[in-house]
Amino acid sequence: MAIASKTRNMIEGFVKDGSFKWLARSRNTFDEDLEEMGKSSWDPSNWMEELSPIANAMVRRCSKILGLPTSKLREIFDDEAPDGIKESSQFARNFLEYCCFRALAISTKLDDFLDDKLFRRLTFNMMIAWEFPAASSKSIPIIDEDATVGLDAFSRIAPAVPIISNVIISENLFEVLTMSTDGRLQFSSYDKYLVGLERGLRRLKSQTESSLLLALRSAREEKILEIDGTVTSQPVLQHLGISAWPGRLILTDHALYFEAHRVVSYDKANIYDLSENLNQVVKPELTGPWGTKLFDKGIFFKSNSLPEPVVMEFPELKGHSRRDYWLAVIREILLVHRFMHKFQITGVVRDEALMKAILGILRVHALREISSTMPPCCETLLMFNVCNQLPGGDRILEKLARMTTRKGERTNEGKAGTDMYSISALSVASNLGFAVGTSMDSPSKRDLVVGEIAVGGLSPLRKAVEESRSSYKKVVLAQATVDGVKVDGIDTNMAVMQELLSPVMEVGDWLLSLAYWEHPPKSSVFCLVSLYIIWREWLGYVVALLLVFFAVFMVLTRYCGDGKVVELKVIAPPPMNTMEQLLAVQNAVSQTEVLIQDGNVVLLKLRALLLSAFPQASEKLAVSLLVTALVLFFLPIKYILLLVFVGLFTMYSPPRRAHTERWMRRLREWWFSIPAAPVFLDRGKEDKKRK
């Protein structure tokens, strides 16, 4: 009786607070559960004191879906769950997750479940309940159309249904869905997104079942994911060399197909394979008429199977969002096939990985249709693109490969760890009528398979994602400092570089003063100390002491300083107008050209020496090389270092200065007397290409 009285008081207080305002609006099964509990359901077995009213209603909803009473669910949870997730402090949320994941595993087996608004509302209410699972929750939200959920709740519940999200891109997806709602997700936005997913899935299914490229793609049972260029006002241009042809571009889960326009039909398709390991290169490219580089609207594609690269141009009046979208989805298909090649993934697991990439493209397409403010960075919503960019993305892919490899091996066993009751992307797509591969029955027959969600904790995949995101945030902060210190102008950048290199330049000037014997006593001491170090073979110790010095210096700076880096003070050069900047650039280019010419001359003279174009000089060089080889062969390295150091360091000492200058003059004369090897520039191919 005490429990029933307490339960009655909690629900009556919940009603008085206005949390049943939604009853006057559209009703669903979750609302009916709350109403039933608020009116007449005072059976203690239907109420768990550890849970909040919202969480109790959600557990009741899940028990109805599973056909099990709440008390039985509690017994199964206590039997299956490890001790770590049954702790009292986190019991409410962990038990709620357990019930939700089990219910979703059953709900997603129904055909066209995305088209059911009750299912869409159910998943959203799960997120609301997840935020307030315990009876000790300080504030309980009003469950109405204005209720919102946060990132943590979305990231826990949404990836349990793979078509809605996954753990790798859930944070990025949430940011897109809440761009206009201050970081809180509203049901209206969430519902539009799921409706867009369902509509996009029907579109993919109809495209795949159409007769487009049927003869070409039937062997691999390819699925058509995207088509562009069918509207004459927005064609896709294929650039080969300096020629360009308008046509239709089709992306499947294995290849790109381009069909050039004819008068009333399309030409035979050019196939650009994405599934084989052909060292494909896909990147943005500038395009323009007759091979000019004017517009940033193209995609460069190169592979070992093509005689020359091809560029696909996506003309549009403003921006290059159309090109960016195609670049992202093409890379996603290419990267998922590289992932499968790298980890040797085959069979059902291969179909599962491919479906993850397809669902990612489906999400991006749905967001582009429902939102006019879709961010241009589509690759942040595609999991294989994200793994390719994130620091430690290779570790995420390793975890994903290990997880999907075990996908078909899990069975519904008790105490199987914390990876409980998640759903495969392959089975979800199959239940929605969009199948990939021929081995769909194996995973879909299993009620419970290893997934990306762990009840009451982080799965290995989620841990790898969190670590990678943490590293990425550090990279972003570091890059922000890099962008902040960039300055404009060649003269200003040179001034900054000179100031940064001033300590190194001072050390270099000091060593040069010693080498030129400007202060003979200092040079003599340095020479004797260096000779002793070389003689005792202490060079390794000297390098080690230098490294220890730098390490101690950094540690002392860390603990003795205030943690702030002292700003570098640079005296800015006088400002330059546009003409002066152009002249400075031209001067820099000219100097660079001179350096390259001098380097080519050195290489050509060495070529002439090796080919004995100047026999006397070649004979002298050959004799010098033989003598050097004999010295290296018979003399220990310690003595060689001593001889080299003494010879170089004492070149400009007072006794040897006159002899060194005379010897350097003879060496320059000998070098200038060597002819350069001839060069012939063949421009025939370039002229033919231009014609």
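The expected span of a helix is taken as 1.5 Å times one less than its number of residues. Helix H12, covering residues 347-370 of this predicted model, offers a good place to apply that rule. With 24 residues, H12 reaches 35 Å from its first C-alpha to its last, close to the 34 Å expected at 1.5 Å a residue. The surroundings of H12 are just as easy to describe: 18 of its 24 residues are buried, so the helix is largely enclosed by the rest of the structure.

A wider view helps to place H12. The protein contains 26 helices and 10 strands. Of its 691 residues, 41% count as buried, and its accessible surface comes to about 38,600 Å². Carbon and sulfur atoms account for 59% of that surface. Among contacts between residues at least 6 apart in sequence, 66% join residues at least 24 apart.

Two stretches carry an annotation from a record. UniProt, in an unreviewed entry, places the feature "transmembrane region" at residues 538-559 and 621-652. In the model, residues 538-559 are 95% helix and 0% strand, and the end C-alpha atoms of this span lie 32 Å apart. Residues 621-652 are 84% helix, again with 0% strand, and here the end C-alpha atoms are 25 Å apart.

Helix packing can be followed in detail at H19 (residues 502-515) and H20 (residues 520-535). The axes of H19 and H20 come within 8 Å and cross at roughly 95°. Angles of 65 to 115 degrees count as roughly perpendicular, and H19 and H20 are therefore roughly perpendicular to each other. On the H19 side, the residues that meet H20 are Trp510, Leu511, Ser513 and Leu514; their partners in H20 are Lys522, Ser523 and Phe526.

Helix H8 (residues 170-177) is mostly covered, with 6 of its 8 residues buried. The buried set consists of Ser170, Asn172, Leu173, Phe174, Val176 and Leu177. In the loop that runs between H8 and strand S2 (185-186), one meets Asp182. At 76% relative accessibility, Asp182 counts as exposed, in contrast to the buried residues listed for H8. The backbone of Asp182 also deserves a look: although not a glycine, Asp182 has a positive phi of about 60°. Most residues other than glycine have a negative phi.

A similar backbone feature appears at Asn279, which has a positive phi of about 55° although it is not a glycine. Asn279 sits in the loop between S7 and strand S8 (281-287) and is exposed, with a relative accessible area of 52%; the cut-off for exposed is over 50%. Strand S7 itself (residues 270-273) holds Ile271. At 42% relative accessibility, Ile271 counts as partly exposed, because that class lies between the 20% and 50% limits. The C-alpha atoms of Ile271 and Phe258 are separated by 6.8 Å, with their positions 13 residues apart along the chain.

One further loop position completes the picture. Asp146 is found in the loop between helix H6 (117-131) and strand S1 (148-149). Its relative accessibility of 58% makes Asp146 exposed. Although Asp146 and Ser188 are 42 residues apart along the chain, their C-alpha atoms are separated by 8.7 Å.

Definitions and conventions: Residues numbered from 1 in each chain as written. Predicted model: local features only at pLDDT ≥ 70, side-chain atom pairs only at ≥ 80, totals over all residues. Heavy atoms only, no water. Helix = DSSP H or I, 4+ residues; strand = E, 2+ residues; numbered from the N terminus. Buried < 20%, exposed > 50% of the residue type's maximum accessible area, 1.4 Å probe, protein only. Contact = heavy atoms within 4.5 Å. Areas by Shrake-Rupley, 256 points an atom, 1.4 Å probe, with all protein chains shown as cover. UniProt positions renumbered as here; feature names shortened; annotations may be inferred. Axes fitted to C-alpha atoms, helices over the stretch in contact; angles between N-to-C directions. Parallel < 35°, antiparallel > 145°, perpendicular 65-115°, else oblique.
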